[in-house]
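Colleague: I should like to go through this model with you. Could you take my questions in turn?

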Amino acid sequence: MDTDTLLQHEAVSQSADPLSNQFGSLNDLAHELASLQDLANRGSWRSILDKVARARSHSLLNTPHDHLTYLAYNVLALAKLRRFKDALTELDSVDDFDSHHYRYETYPKIYPTRCGSMVPFSLRWLHALIPIKLGNRQEGLDRFYILLDFVRGKLKEKQDYDVSIKMWKKREVFVMNGIISEHLKNKEFGVCLDLIKDLVSRGNLDPVLLSKLGHIQMQIGDLEGAKGSFDKVEKLLKERNAGGDDELLSEVEFRNQVNRNKALVYLVGKDYVSAVREYEECIERDPMDVVAINNKALCLMYLRDLSDSIKVLENSLERVPTVALNETLVVNLCSMYELAYVNHSDIKRTLSNWIARVAPDDFDSSSTRI
Amino acid sequence: MSTTQGTHSLAFRVMRLCRPSFHVEAPLRVDPSDLIVGEDIFDDPIAASRLPPLIDAHVTKLTDTSDLTYRTRFLLQHPSDSFGLTGLLVLPQAFGAIYLGETFCSYISINNSSNFEVRDVTIKAEIQTERQRILLLDTSKSPVESIRAGGRYDFIVEHDVKELGAHTLVCTAVYNDGDGDRKYLPQFFKFIVANPLSVRTKETTYLEACIENHTKINLYMDQVEFEPAQHCSANIVKADEHKSEKDSLSREIFKPPVLIRSGGGIHNYLYQLRSSSNGSAQSNILGKLQITWRTNLGEPGRLQTQQILGTPVTHKEIELCVMEVPSVINLDKPFSVHLNLKNHTERELGPFEVWLSQNDSLDEKAVMINGLQTMELPQLKAFGATDFHLEMNFFFCLLAISHSSSMEMKKSSIRPFSIPAENMLQSFAFD
């Protein structure tokens, strides 16, 4: 996106009427945004690429923020389709996020009351993530840490803006989670534990976060530590019931988290029967709790009941495909098929064909290992 | 009973059942506000009030199964959704490495892929190593009556791995096939057991054990205990916590685990050893280390080292140290030396006599030292010590050389009492 195009747009657009409804619908925010959002919800990322290409070639994008929004959807779509090199090329067309080209005050005719950066934050996040996906881990991690500093800088700046502060705090957690995930993937557990400690000390006494801490402790083998973390989560649930308030987690979600934590403790102690019982309680409460469904199936297998473990997974794909269809569940099901059937390629092919009809564009079909 | 290579109705399918792991993946999910609008838009007060409700209307949680969208793959609903660990467990995807001290666990399924029922199935599973054959399962006392066409018979076996090297899981089935023929099906699954750790020790009165991790995964040290031999006692020496925990909340949450990095990481343990006998038994066996570790989701492993030997040391019963000597000493002016006497045994020793010894050497010296002839010190209790001072004096010793053979320099010859070299001395300056 070059200066000439942007300045042209500024000259051409009408002055915005501050009293007109700029926030009536999604389409007020960007050209045909509702359609883009709908395609993304359905996982139709290839269609998004088409739509972006068409909008650009037909010059349908009239404002600088339209271009940026479409760019963001485009980079995200390419990343979803695992076309990371193309995503990088697309991102490179924005050479400097902090350039004045991407600031509202550069275009007072279009944004008379606004100032600040119009870069969608997800672009900054993708800018850090994509090098990692391309195998350049050090570069990506460096960018992530720089991004974290950037967010913390914004938090200091925006002291007076309540809504903004909320957003930037969310972004801080988002970036930290991205960093933790990367270290976790590389089994750098010491760093992960330190970062989580940091998150907790910043006032994020989040039962889900504490549960995830317990999971990591369990993964390492620190079972005592894991139990301690899970006990704290249970305590938080009791406090909530006694009158606390957590708008972010519904009652059902909270209870299920506690049950799933309990199930893990049983599983690690090899009491698979009790683990299954906990997972069944979760599924009864929330039939779309796919973590409970998946893990219950695994417990059945450790109980020597391969047939039922296969049934649980197949049943979930039939009943709630949009949550159950995830790569991990499919990997597990295919492992079970390989064990249960000498001629497993037939049944895997049936599964694979069904997936091809139903799955979103970004589904990684290599999970069937055909 | 035919053991022909002809087609079998039955086949064994085997899968190693070590513990599952959590799936870890940074999800490609975003907050809609980070995608559809500029990052600073919320600074605009109109946007700040109108935008959030608009966006919320499009981030409804999935509550209805008829909502056929994959929005949970795209949008974040809870802040922790961007944390790449959902709790989804994955089955072990490969056999992996197996190490001494671990437990080998396997799911074994015997499948009838033929169109006919098979009957009277006797199944056996054994582990064969260089040294022995260990029976894990044997249904010969009560054979499986039948396995229908397309059916299966499953079992899970476990074996504590106590040998290194090549292992073979031998599965055999003897059955009557559809034609009534008695068939014998053997199947072999090989794996190698490697050594997970090496333990190096160094000791004097302290034993330092260095544990090195040779596996491909991080090992969580659950318990490392030193079991001393009968004549020893040991206690572990730990560093003080030097990091000041500024946040008591996070301090409560967990204590840092001892995790040894894969592929060559090390961790050291230090034990203080004490001899509890009267010292006459010169056994140099110190004891053994018992190590319990955990890996993936608490998968345990156990090993014990062989007896750790110490270098035989004649332990000193008493030790005499020079604590302080004045940095400037003048000839012919008396000076005081501060000494310490320590009792290293468990019993009372003494009383003692301390005296200054001259150099045993027969060489004449120009400067000699004299002082208190002997000093008496009272008994020292077990492991006790006492400080005392000796007055000494340097003086010139003139040798009178005379032709008379009747003159002789008198030398005092006193039996020496050893003073450890490391406690000596600073330089002297003479006037």
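Colleague: How many helices and strands does chain A have?

Modeller: Chain A has 19 helices and zero strands, where helices (H or I, at least four residues) and strands (E, at least two) are DSSP runs numbered from the N terminus. This is a predicted model, in which local features need pLDDT of at least 70 and side-chain atom pairs count only at pLDDT 80 or more, while totals for chains, interfaces and linings use all residues. Residues are numbered from 1 along each chain as its sequence is written, chains are lettered from A and ligands numbered from 1 in the order in which they are written, and side-chain values use heavy atoms, with hydrogens and water left out.

Colleague: What does the C-alpha trace of chain A span along its principal axes?

Modeller: The span is about 70 × 50 × 40 Å. Of the 370 residues of chain A, 56% count as buried; buried means under 20% relative accessible area, exposed over 50%, and partly exposed in between, with a 1.4 Å probe and protein chains only. Chain A exposes about 16000 Å², and carbon and sulfur atoms supply 49% of that area. Accessible areas come from the Shrake-Rupley method with a 1.4 Å probe, and for residues only the protein chains shown count as cover.

Colleague: Turning to the interface, how many residues does each chain bring to the contact?

Modeller: Chain B gives 95 residues and chain A gives 121 residues, with contact meaning heavy atoms within 4.5 Å. The area buried between the two chains is about 9800 Å², 60% of it from carbon and sulfur atoms. Buried area here is the accessible area (1.4 Å probe) that two parts lose on being put together, summed over both.

Colleague: And how many polar contacts and salt bridges are there between chain B and chain A?

Modeller: There are 51 residue pairs in polar contact, both residues at pLDDT 80 or more. A polar contact is a pair of N or O atoms within 3.5 Å; within protein, one must be able to donate a hydrogen and the other to accept it, and residues adjacent in sequence count only if both atoms are side-chain atoms. The interface also has 12 salt bridges, each a side-chain nitrogen of Lys or Arg within 4 Å of a carboxyl oxygen of Asp or Glu.

Colleague: Which element of chain B supplies the largest share of the side that touches chain A?

Modeller: Helix 2 of chain B does, with seven residues.

Colleague: Which salt bridges cross between the chains?

Modeller: Among them is the one between B:Arg73 and A:Asp362, at 3.2 Å from N to O. These two residues also belong to a network of salt bridges with A:Lys80 and A:Glu327. Another pairs A:Lys170 with B:Asp31 at 3.0 Å. A:Lys170 lies in helix 9 (residues 162-185) of chain A, and B:Asp31 lies in the loop between strand 2 and helix 1 of chain B.

Colleague: Are A:Lys170 and B:Asp31 buried or partly exposed?

Modeller: A:Lys170 is partly exposed, because its relative accessibility is 43%. B:Asp31 counts as buried, because its value is 12%.

Colleague: What about salt bridges within one chain?

Modeller: In chain B, B:Asp81 and B:Arg29 meet in a salt bridge of 3.4 Å, N to O. The two residues are 52 apart, B:Asp81 in the loop between helix 2 and strand 3 and B:Arg29 in the loop between strand 2 and helix 1. In chain A, A:Arg83 pairs with A:Asp86, the closest N and O atoms being 2.9 Å apart.

Colleague: Let us change topic to A:Met336. Where is A:Met336 found, and why does A:Met336 count as buried?

Modeller: A:Met336 is found in helix 18 (residues 327-340) of chain A. A:Met336 is buried because its relative accessible area is 0%. Beyond its neighbours within four places in sequence, its contacts include A:Leu298, A:Ile310 and, from the other chain, B:Leu91.

Colleague: Lastly, which side chain makes a polar contact with that of B:Asn340?

Modeller: The side chain of B:Asp387 does, at 2.6 Å. B:Asn340 is in strand 22 (residues 335-343) of chain B, and B:Asn340 counts as buried because its relative accessibility is 10%.
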